[in-house]
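Please examine the model below before reading on. The paragraphs that follow proceed from a strand pairing outward to the chain as a whole.

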Amino acid sequence: MSASSDIAARSATLTGNIVSDKKYDVFGVGNAIVDILAQVEDHVINDLSLNKGSMALMSTEQQGDILTAIHDPSLTFAAGGSAANTMVAIAQSGGSAVYTGRVADDTNGEYYKKGMESEGILFYVPPSETGHEPTGSSVILTTPDAERTMCTHLGVSTSLGKSDVDFDMLAQSKCCYVEGYLWSSDGPREACLEVFKHAKANGVLSAFTFSDSFLVDLFAEQFKDVVREHCDIIFCNADEARKFIGNDDLQQCVKEIGAICNHSFITDGANGSYVVIDGQISKVDGFEVKAVDTVGAGDAFAGGVLYGLTNGLSPEKSARWGNYLASRVVSKFGPRLDESIAEEMQEAIA
C-alpha cells in the first residue's frame with residue numbers, strides 16, 4: 001500500500017470522529033515560548049522596520065531593543081506558543097491534552113511550566129540546565145486593527161529532540177498535533193517526524209498546522225511531503241493556503257489542499273472556515289465580533305476542532321466550535337481565553 005493510500009485508509013475513521021478509549025485526547029508538540037504582549041500604534045511597526053502581521057526570528061538583544069523602544073509598562077505575559085495555545089483551547093473545551101516543549105531552568109521556564117499546568121495541561125519535559133540558551137520568548141505587538149507582529153527568540157526550544165518525547169503517552173492519545181514552527185530547526189523537525197511515525201504505528205491520528213506564511217515560503221515542498229506521507233488532518237489559514245498551492249484563488253486552493261489531505265481545515269478570518277472531507281467542501285460560518293487582537297485565533301480554532309473530533313462531534317460542528325473559540329479569542333487582548341467556556345458549546349454549534 002502506498003503512503004498516500006495508507007493515510008487515506010486511516011483518515012477514513014475521521015468520518016465517524018476520533019472516539020476511542022485512549023487516555024488523552026491530543027498529544028501536542030511545539031515551541032515553548034513565553035509571550036510578551038504589547039499594544040502599539042501602527043507607526044511603531046514602521047519605526048522598528050518590522051513586517052506587519054508576520055513573525056521574525058531574532059536575538060534576545062534585538063528583543064530588548066524593541067521593548068526599550070516601545071517603553072510599555074503595561075506588558076502582559078503568557079505561557080504561549082502556537083501548539084500550547086491549541087492544547088489550552090482543548091482543555092478549556094473540556095478535553096484532555098499533553099504538551100511537549102523544551103524550556104530552560106530559568107525564571108521564564110518555571111513560569112511557563114506552572115502556567116501550562118494551571119491550565120490543566122500535562123507538561124512533563126524536564127528543563128534544560130542553566131548555562132544554555134534561555135527559555136524562548138516572543139514580543140508580540142498588536143496594532144489598533146487587531147493585527148499582530150511577532151518578534152521571536154526561540155531560545156532553548158530549538159534543542160527539543162526525540163528523547164524529550166514520551167512515546168508511551170503518545171500511544172495513549174487519540175491524536176497528535178504538531179506545529180509548523182518546529183520545521184525551522186533540525187532537532188525539533190526530526191522529533192516531529194518521529195512523532196508521526198510512532199503515531200501511525202500506534203493507531204494515533206496525526207494533525208499538522210502550517211503555523212505561518214513565512215514557513216510556507218521556506219518549506220512548502222517539505223510541508224507537501226509531510227502532509228502526503230504522515231498527516232490525517234491539516235490546519236492552515238487563507239494566506240498560508242494561497243502560498244502553499246501558489247494560487248490567489250482561495251476556492252481553488254481549498255480544493256487542491258483537500259486533494260492532498262483527506263481532512264483539511266482552512267480558516268478565512270471573519271468569513272469563517274472551510275472543511276474538506278474526502279474532497280467534499282463545506283463552508284462553516286464564523287461569528288460576528290469586534291476584533292481586538294488576532295493573536296491565537298488560529299490556535300484556538302485548531303483546539304476547538306481537535307476537541308470536537310476527539311469527542312464525538314462531526315467535522316462541521318467541530319469547525320463551528322473552533323470558529324466560536326477563535327471569535328472569543330480575537331475579541332480580547334491576548335492569545336487565549338481566561339477560563340473554560342465548555343458550557344457554551346451546545347448553543348454555539350446548534
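Two strands are said to pair if DSSP finds at least two bridges between them. In this predicted model, β7 and β8 satisfy that condition, pairing in the antiparallel sense over 6 bridges. The two strands form a hairpin with 5 residues between them. In the turn, A146 has a positive phi of about 75 degrees. One of the bridges can be located by its residues: T142 has R148 in β8 as its bridge partner.

How many of the residues of β8 are buried? The count is 6 of 6, and the strand is thus mostly covered. Burial applies to both of its faces: R148, M150 and T152 point one way, T149, C151 and H153 point the other way, and all are buried. Here, buried means under 20% relative accessible area.

β8 also pairs with β3, to which it runs parallel, and 3 bridges join the two. Within this pairing, M55 stands opposite M150 in β8. A further parallel pairing links β2 (residues 33–39) with β7 (residues 136–142) over 7 bridges. In that pairing, L37 is placed opposite I140 of β7.

Helices pack against these strands. Helix α3 (residues 60–70) lies across β2, β7 and β8 (148–153), and its direction is at about 30 degrees to β7. Helix α5 (residues 107–118) also packs on the sheet, where it touches β2 and β4. The direction of α5 makes about 70 degrees with that of β4.

The sheet itself can now be stated in full. It is open and consists of 5 strands in the order β3-β8-β7-β2-β4, with mixed pairing. Its edge strands, β3 (55–57) and β4 (76–80), each pair on one side only. On average, neighbouring strands of this sheet are turned by 20 degrees against each other, direction ignored.

The sheet belongs to a protein chain with 13 helices and 14 strands. The C-alpha trace of the chain spans about 55 × 45 × 40 Å along its principal axes. Because a compact globule of 350 residues would have a radius of gyration near 20 Å, the 19 Å of this chain agrees with that expectation. Of the 350 residues, 57% count as buried. Among contacts between residues at least 6 apart in sequence, 76% join residues at least 24 apart. The accessible surface of the protein chain comes to about 14,000 Å², of which carbon and sulfur atoms contribute 47%.

Methods:
Residues numbered from 1 in each chain as written. Predicted model: local features only at pLDDT ≥ 70, side-chain atom pairs only at ≥ 80, totals over all residues. Heavy atoms only, no water. Helix = DSSP H or I, 4+ residues; strand = E, 2+ residues; numbered from the N terminus. Axes fitted to C-alpha atoms, helices over the stretch in contact; angles between N-to-C directions. Contact = heavy atoms within 4.5 Å. Rg over C-alpha atoms; globule rule 2.2 N^0.38 Å. Buried < 20%, exposed > 50% of the residue type's maximum accessible area, 1.4 Å probe, protein only. Areas by Shrake-Rupley, 256 points an atom, 1.4 Å probe, with all protein chains shown as cover.
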